[in-house]
Each structure stands twice: as structure tokens, then as C-alpha cells.
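Me: I'd like to learn how to read a model like this one, feature by feature. Can you walk me through it?

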Amino acid sequence: MNAPYGRGIGTFRILHVSTGNVCRSPITERLTRHALDVRLGDGARDILVESAGTWGHEGAQMEAHAATVLHEMGAQAEGFTGRELRDEHVIEADLVLTATRDHRAQVISMGHSAGLRTFTLKEFARLVRAIDAATLPPPEDGAVARAAALVRAAAALRGWLLAPSVEADEVGDPYGAPVTYFRAVGEEIQQALDPVVTALTGVPARSAL
């Protein structure tokens, strides 16, 4: 396995974190992976996407409604295994995206200099929208260099661009809810991911082409 970028060469790791690692973070992980593959093809292999839960159900399958939503959105749900968040996951990650501010605080409290690379998903999306893409390495320099620069730029903006409300930077928990709520959460995650993946890759979604 390649060493993570910033502590090694050649690979950039994204870690998605929620509570149980059976609903929000699996959806976010697989939607991220799907979007990267669609936009970068083989060039996406240098970006690894994983997830874990602060109270993760180790070895569990994702919730059935989460799998349904992923299939409906064109992403793969098969082969997923839940994980409890551990120190090594944070140490290896170059970017940690959490569902809520509480998850963000828990990741940062673990140490490992995680503060500058840990954001809620919606917070990171809000910050990257404000970054001039022309200041990032061009796509031809590779996805790893561009992703690392994006994280540094977003960290520099934090504190200057505040959320309009407490809830604005959070994704609600659909655990135990009907599939309709899972669909709403899936769309919410997709909308937050779109500017993130566009900024990471330099490639807009096909609908925007």
C-alpha cells in the first residue's frame, strides 16, 4: 500500500467519518469514489477513499436503505465493511470529512495534528467554493498535488468564512428513518460533494459540462 501524501509519496487519502459507519459515511465514501472514477478514470487510483465511525459497528454491513440510495445514484454499495475510528485511520488520512461538528471535534481530539485537515463535509464544500481554482496546481500536475494544495487553501480560509447557521455545516443522521429520508440525505451529501470533487479534480460534473 502506498504511503499517504504529506507523510509519503504518491497517494492521497480521504477519510469520511460519521457515528456508526453504516449510513452517512458509507454513502459519502461510495459517492466520492464514484464521482472520482467518473471524472478521472484511471487517474483516480491515486486518491483512496475510506470511512469509519466514532461509534463504528466493526465489520457491519451498511444499512439497507443506504445501499438502496447508492444503487439509485449509480454508485456501488457492495463489499462495504464498517469500521470503528482508530488512531491509525486519522494518522494516515490527508483529508478527514465528517458528518457533523461533533464528529470533527472527536477526530481533532485524537491528536495527530489533525486540526488543519479535518472539516465537516459541508464546511469543506463551503470553503472550496471560495477558492480560486487558478491558484491550485493544474490537473495535469496530478490529483495528489492538487488535493494537497486544496486542503491547505481551505484550512487557510477557515475562520474567515463562517457558516450562516450551526446546522449549515452538518448532515443529519438518517439511522432508523424511512428510505425517503435516506434519499434526501443522499442528495444533500451529493450536493456537498460536487464542488469538492470538482475542486479536487479540476473536472466539473457531466451535467455542468
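**Reading the helix, the strands and the loop**

Reply: Let's begin with a kink of about 30 degrees at leucine 193 in α7, shortly before proline 195. The bend at a residue is the angle between axes fitted to the seven residues ending there and the seven starting there. Helices (H or I, at least four residues) and strands (E, at least two) are DSSP runs, numbered from the N terminus. Before we go on: this is a predicted model, where local features need pLDDT of at least 70 and side-chain atom pairs count only at pLDDT 80 or more, while totals for chains, interfaces and linings use all residues. Residues are numbered from 1 along each chain as its sequence is written, and side-chain values use heavy atoms, with hydrogens and water left out.

Me: What span should the 23 residues of α7 have, and how far apart are its end C-alpha atoms?

Reply: The expected span of a helix is 1.5 Å times one less than its number of residues. For α7 (residues 179-201) that gives 33 Å, and the end C-alpha atoms are 31 Å apart, which agrees. Right after α7 comes glycine 202, with a positive phi near 75 degrees.

Me: Which residues of α7 are buried, and what covers them?

Reply: Buried means under 20% relative accessible area, exposed over 50%, and partly exposed in between (1.4 Å probe, protein chains only). In α7 the buried residues include Phe182, Val185, Ile189, Leu193 and Pro195. Their cover includes β1, α1 (24-40), α2 (64-72), α5 (121-129) and α6 (143-157); contact here means heavy atoms within 4.5 Å.

Me: How do I read the two faces of a strand, say β3?

Reply: In a regular strand the side chains alternate between the two faces of the sheet. In β3 (residues 95-98), Leu95 and Leu97 sit on one side and Val96 and Thr98 on the other, and all are buried. β1 gives a similar exercise: Phe12, Ile14, His16 and Ser18 point one way, Arg13, Leu15 and Val17 the other, and all of them are buried.

Me: Which strands pair with β1?

Reply: Two strands pair if DSSP finds at least two bridges between them. β1 (residues 12-18) runs parallel to β3, joined by four bridges, and it pairs with β2 (residues 47-53) in the parallel sense over seven. To find your way, match leucine 15 with valine 96, valine 17 with threonine 98, and arginine 13 with leucine 48 in β2. On to β4 (residues 118-120): three bridges join this strand to β3, again in parallel, and valine 96 has threonine 118 as its partner there.

Me: How does the chain get from β3 to β4, and with which handedness?

Reply: A crossover is right-handed if, with the strands pointing away from the viewer, the path from the first strand over the helix to the second runs clockwise. From β3 the chain passes through helix α4 (residues 101-109) to β4, and this β-α-β crossover is right-handed. β1, α1 and β2 also make a right-handed β-α-β unit.

Me: Is histidine 103 in α4 buried or exposed, and what does this residue touch?

Reply: Histidine 103 has 3% relative accessibility, so it counts as buried. Its side chain makes a polar contact of 2.7 Å with that of threonine 19. A polar contact is a pair of N or O atoms within 3.5 Å; within protein, one must be able to donate a hydrogen and the other to accept it, and residues adjacent in sequence count only if both atoms are side-chain atoms. Not counting residues up to four places away in sequence, histidine 103 touches Val17, Ser18, Thr19, Arg24, Thr54 and Thr98.
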